[in-house]
Amino acid sequence: MNPSPSHNSPPRKRLGFFSRLLDQASAAERYRLVTAQIQHAEAHGFDTAWVAQHHFHEAEGGLPAPLVFLSHVAARTQRIRLGTGIVTLPMENPIRVAEDAVVLDLLSGGRLEFGVGTGGTPESFSAFGLRSEDRARIYAQHLAVLRNAWAGLPLPGGDRLYPAGPQLLSRIWQATFSAAGAERAGLAGDGLMLSRTQPRSAEAPHASLADIQNPLIDTYLAALPAGAAPRILGSRTLFVAEDRQRALQLAELGLRRSLARAAAANPGGPASQWGPDAPLAQLLAAYDVHVGTPDEVIASLRADTALARATDISFQVHSIDPPHADILRSIALTAQYVAPALGWQREDALVPPAAASYPLPIPALA
C-alpha cells in the first residue's frame, strides 16, 4: 500500500473521506450516520476513511474515542482503510493508545492508518491535569513511547507490549501547521498530514492555502531519509451537488453556524469583526471551501498546487455540515467525477449497492 519511493513519479493517489462527526444530531445518531457515510464511501471505491478526536466540545467534534469508533466501523466494512485524523497524543496514555491501536489493526485485517498531532482545543488540557503550553514537549515524549512499544522494545519496568505492532511503525502520520513539524515528520519517515484550512499570518493575510502548504511539503521532502517513500495527505473541505444553488444555500447555512460559534468563542477575533452578515464569498474564502457542481469543484481543486503534490487526498464536508443525504450524494459525485479528474483511479471492483444508487432523496433546507 505504500507509495513508490520516487518523488518525481507519484503513484496512484488514494482517495479519503474525513469526518469530525458533526452531523446535527445526538452523539449516538452521529456515530450511526458517519458509519453509514464510511460504508457509502467504501461502496464508491474510496481508499481511506479518517475520523478526528475531540474531547468535551460538541461543536468542535463529536468523538473522544476514535479507536473505539473505528473498531465498530471495521466490523461493518471490508476493504476501506481506517485512519485517525488525529489522536491528540499529549492527552493520552501512549502505552494504552499503542495497545488499543494494535488490537484494532489486527481485528480490521491490518487496515489502520495512525495519525497523531499535538491537538486539541487549548482549554481541554486542564481536565487532564496538563497545560496547553506543554503540549509539544509531551507530544514528543508520548510519540517516542508509542514507537518503542510497537517495536517491541522493553518499556519502563521491563515489560513489552503484547501483541506488539511493528507493522504500524510505517503507518504513522503527523499533522502539523509548521515547517518544524513537517521536518519532524520527514526525518522520522512518517506521513505528513495537511489541514483543510489553517491560519494566515499577519504578513500574508490573503495567502492561498497552497502558498502556505507548499513550503511545508518542500521541507518534509527535504527531510525524508534517502529511499523513504513520501506520504502526503492533503485534506480539503469539499461539497458537491448537481444543483449549484442548493450547494451554496447549504454552504451558507453551515458556514454562518461556524461563524457564529467562532465569534462567540473568540469575541475579539476575525469572525466577530466580520459580523453575521459577512458576504458568502468571504466565508468561502476564509474557510477554504470548495463547493458547487462537479465541474466547478474540479476547476477549484485543480488550482490547488499543494493538493496536486499529495499522495493521498481526503475530503470533508466541515464546516458546511450539510444533511446526511446530501453528504451521501456528495460522496458519490466525488468518486464519479471529481476525484478521477484529480488523478484518482478506483482500485476495487465493488459496485455501489442498490440502496445507495442515484438519485438519493434530498431533504428540504432547514
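This briefing describes the fold, the cores and some local features of one protein structure. The model is predicted, with an average pLDDT of 91 and with 92% of the residues scoring at least 70. The protein has twelve helices and nine strands, and its radius of gyration of 20 Å is close to the 21 Å that the globule rule gives for 366 residues, so the protein is as compact as a globular protein of that length.

**Confidence along the chain**

- Residues 1-7 have a pLDDT that stays under 50, and the model gives this stretch 23 contacts beyond four places in sequence.
- The pLDDT is also below 50 over residues 353-366, a stretch that has 24 contacts in the model beyond near neighbours in sequence.

**Overall dimensions and burial**

- The C-alpha trace of the protein spans about 60 × 50 × 45 Å along its principal axes, and 53% of the 366 residues count as buried.
- Among contacts with a separation of 6 or more, 76% are made by residues 24 or more positions apart.
- The protein exposes about 15,700 Å², of which carbon and sulfur atoms supply 58%.

**Nonpolar cores**

- In soluble globular proteins, nonpolar side chains tend to be buried together.
- The largest nonpolar core in this model has 66 residues, and the members that touch the most other members are Ile38, Phe69, Phe114 and Trp150.
- Helix α12, covering residues 324-341, gives the most to this core, with six residues.
- Apart from this core lies another one of 17 residues, which includes Ala247, Leu255, Val289 and Ile320.
- Phe69, one of the members of the largest core named above, touches Leu21, Tyr31, Val34, Thr35, Ile38, Val51 and Leu63 when residues up to four places away in sequence are not counted.

**Helix α1 and its surroundings**

- Helix α1 has 17 residues (residues 27-43) and should span 24 Å at 1.5 Å a residue, which agrees with the 24 Å between its end C-alpha atoms.
- The buried residues of α1 include the nonpolar Leu33, Val34 and Ile38, and also Arg30, Gln37, His40 and Glu42.
- These buried residues of α1 pack against β1 (14-19), β2 (48-51), α2 (66-74) and α12.
- After α1 comes Gly45, which has a positive phi near 90 degrees.
- Arg76, in the loop between α2 and β3 (81-88), is in contact with Thr35 and Gln39 once its neighbours within four places in sequence are left aside.
- With a relative accessibility of 39%, Arg76 counts as partly exposed, and its C-alpha atom is 31 Å from that of Asn148, a residue 72 positions away in sequence.

**Helix α6 and Ser195**

- Helix α6 has 15 residues (residues 209-223) and an expected span of 21 Å at 1.5 Å a residue, which agrees with the 22 Å between its end C-alpha atoms.
- Buried residues in α6 include Leu209, Ile212, Gln213, Asn214, Leu216, Ile217 and Tyr220, and the buried residues of this helix pack against α5 (179-188), β6 (191-194), β7 (232-240) and α11 (305-308).
- Ser195 is found in the loop between β6 and α6, and its relative accessibility of 22% makes it count as partly exposed.
- Not counting residues up to four places away in sequence, Ser195 touches Phe177, Leu209, Gln213, Ser235 and Arg236.
- Arg236, one of these partners, is 41 residues from Ser195 in sequence, while the C-alpha atoms of the two are 7.1 Å apart in space.

**Backbone features in loops**

- A cis peptide bond with omega of about -10 degrees joins Tyr162 and Pro163, and Pro163 is found in the loop between α4 (135-151) and β5 (172-175).
- Another cis peptide bond, with omega of about 15 degrees, joins His318 and Ser319, and Ser319 has its place in the loop between β9 (312-316) and α12.
- Asp321 lies in the loop between β9 and α12 and, although it is not a glycine, has a positive phi of about 50 degrees; with a relative accessible area of 9%, Asp321 is buried.
- Asp288, in the loop between α9 (280-286) and β8 (289-292), has a positive phi of about 55 degrees although it is not a glycine, and it counts as buried at 13% relative accessibility.

Terms used. Residues numbered from 1 in each chain as written. Predicted model: local features only at pLDDT ≥ 70, side-chain atom pairs only at ≥ 80, totals over all residues. Heavy atoms only, no water. Core = buried A, V, L, I, M, F, W, Y, C linked by side-chain atoms within 4.5 Å. Buried < 20%, exposed > 50% of the residue type's maximum accessible area, 1.4 Å probe, protein only. Helix = DSSP H or I, 4+ residues; strand = E, 2+ residues; numbered from the N terminus. Contact = heavy atoms within 4.5 Å. pLDDT = per-residue confidence, 0-100. Rg over C-alpha atoms; globule rule 2.2 N^0.38 Å. Areas by Shrake-Rupley, 256 points an atom, 1.4 Å probe, with all protein chains shown as cover. Expected span 1.5 Å × (residues − 1).
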